[in-house]
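Me: Could you walk me through this two-chain model? I'd like to see it before we start.

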Amino acid sequence: MTTQDINALQSLNNKTEIKGRSLWSDAMQRLMRNKAAITSLVILGIITIMVIIAPVFSPFEFDAIDWNLISTPPSLANGHIFGTDAIGRDLFVRTLYGGRMSLMIGVIATLVSLIIGISYGATAGYIGGKTDAIMMRIVDILYAMPFMFFVILLMVFFGRNIYLIFIAIGAINWLDMARIVRGQTLSLKRKEFVEAAVACGVSTPRIILRHIVPNLLGIVVVYITLTIPQVILVESFLSFLGLGVQEPATSWGALVNEGAQDMEIAPWALLFPAVFLATTLFCFNFIGDGLRDALDPKDR
Amino acid sequence: MLRYTLRRFLGAWPTLLILMTLAFFMMRAAPGGPFDTEKTLAPEIQANLDKKYHLDEPLIKQYGRYLFDLAQGDFGPSFQYKDYSVNELIATGFPVSLRLGGTAIILAFFIGSLLGTIAALRQNTAIDYSVMATAMTGISIPNFVLAPLMILLFAVNLKWLPAGGWNDGAFKNTILPIIALTLPYVAYISRLMRSSMIEVLRSNPIRTARAKGLPEHTVILRHAMKPALLPVISFLGPATAGILTGSVVIEQIFGIPGLGRYFVQGALNRDYTLVMGVVVFYGILIIFFNIIVDVVYALLDPKVRY
């Protein structure tokens, strides 16, 4: 064999070598092909960055009141590109600050519900038997509660406290997560690697944390992208009723509420926050759908 | 079947009890009483008020009294709307909310499943895509954003419809609130219906029906519709809860004198009994509606064992 042949063989060998495709790279590929999801991801990224570095965009403070410019329409001339609200605050900056609040609440409250839901569901599913039956029965009972009404009560009675919003929203959203995680855990615990861990004498909490929870990741990721918009919606709903975040801080819901109050004379105060809120929810829903399709191909 | 229904009804009692208990103790744990006003009342008057509404009794006794009255269907007097009992307020507000919510849920069910079926039958065509895009819009635009936008367009600019008010339930006054309440659920239901219909259409019984040479509409209406509707039916429980909650904000926006509006007013006025009454009333409604949904589901789905 000449060196040429050897080289040719080697390059052939290199070409035929099959690169292993993990579940995640597979899912990633499917996601990349989903144009709606990718576009949403980009738009959401832009909104997030805008919201985080909000003050860079505008010379105005979000709570600076200018009595000379009350409810002025959007104009490039005076720098208020989204116009001003009923007490002369710049709406562009307020929309971005509102978005900061809405997104922050969305992410943190989702994390709260995630932590409760995963630990509850994984524990119930893994231990099984009577414990599982009782734990899931509690979830069933809580499931039938009109929680929104309780959250409204909570806000009315204990003041509009932002931490309370996190806890309240997190506390109502963990039920779904607990159910999903439990179902998944039930099938996971029969797998060989769990058996191996048991045989090695690993403690139950450690098995749940190190072997069960990491394998729930796929479904959790999908769930996160579908929960965040729900949470943003709940917060906006509360803020809309005047029970959410407190002045001068604001959120998209609060801005929509303010805008709706004098929409006849200043429709821009309603339109801009509404568009931002709807776009964000749109993007999350598309990403969630895309992720679900990517991670769970059987559903397509 | 009867036993299953009975068992479901019995199973609802703990939920109800927890609901009432939670409502009661949350209310009492709240800072600020129903009679806190700007000026302080004379201690005698305060004492008399407390006595009249049994606020001077130990908590556990109040709780017992509350449960006892509730068991007889008595929600007690309203603290703020003097001379009215909570029962009377519910009786005036609920028919309005029922008309809104009831119409919304029925419309959402029919329109949603119809659109979902059409999208499924025309999968991956322009019809399918436009239905799903509309559905996505319905899900992403919350009703409290949609409602003011619709008022702005149809009432303020085009002047086709009234911007609010109830006007004793005149048809024109109900159009916008019902659309705002219905649209998100049309969206959810059509998505659900589409995916379940697609799955059913691939199943063996449908293949058999087609192999028998049945006409397409018989295959769809007689064979595919029933199993495809199952997920939609089980979604009706949460949907009802959602529509009831949604009606709180819709009634607020349109100035409709329904139960949701009493609830918000009552909550802001610390009208203990009224707010508790509405929460418990809606809770009971949701719980029992869930049971009905479950029973209907069990009736329709041959796979459910009871």
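What follows is a short exchange on the packing in this structure.

Reply: This is a predicted model, in which local features need pLDDT of at least 70 and side-chain atom pairs count only at pLDDT 80 or more, while totals for chains, interfaces and linings use all residues. Residues are numbered from 1 along each chain as its sequence is written, and chains are lettered from A and ligands numbered from 1 in the order in which they are written.

Me: OK, how many residues of each chain are in contact with the other?
Reply: Chain A brings 29 residues into contact with 33 residues of chain B, where contact means C-beta atoms, placed from the backbone, within 7 Å.

Me: Which helix of chain A gives the largest share of that side?
Reply: H7(A) does, with eight residues; helices H7 (147-158), H11 (217-240), H12 (252-261) and H13 (268-295) of chain A each supply at least two. Helices here are DSSP runs (H or I, at least four residues), numbered from the N terminus.

Me: And how do the residues on that side divide by class?
Reply: The side of chain A that touches chain B has 26 nonpolar residues, two polar and one charged, counting Ala, Val, Leu, Ile, Met, Phe, Trp, Tyr, Cys and Pro as nonpolar, Asp, Glu, Lys and Arg as charged, and the others, Gly among them, as polar.

Me: What does A:Val256 touch?
Reply: Leaving aside residues up to four places away in sequence, A:Val256 touches A:Ser236, A:Phe240, A:Leu270, A:Pro273, A:Ala274, A:Leu277, B:Phe144 and B:Val145.

Me: Switching to chain B, at what angle do the axes of H6 and H9 cross?
Reply: The axes of H6(B) (residues 143-157) and H9(B) come within 10 Å and cross at roughly 25°, with axes fitted to C-alpha atoms over the stretch in contact and angles running from 0 to 180 degrees between N-to-C directions. H6(B) is therefore roughly parallel to H9(B), a label for angles under 35 degrees.

Me: Which residues meet there?
Reply: From H6(B) they are B:Asn143, B:Phe144, B:Ala147 and B:Pro148, which meet B:Gly246, B:Val249, B:Ile250 and B:Ile253 of H9(B); by class, this contact has six nonpolar, two polar and no charged residues.

Me: Last one: how many residues of H10(B) are buried, and what covers them?
Reply: Eight of the ten residues in H10(B) (259-268) are buried, that is, with 20 or more other C-beta atoms within 10 Å of their own, C-beta atoms being placed from the backbone. Their cover includes H7 of chain A, together with H4 (86-121), H9 and H11 (272-300) of chain B.

Technical notes: Contact = placed C-beta atoms within 7 Å. Parallel < 35°, antiparallel > 145°, perpendicular 65-115°, else oblique. Buried ≥ 20, exposed ≤ 12 C-beta atoms within 10 Å, placed from the backbone.
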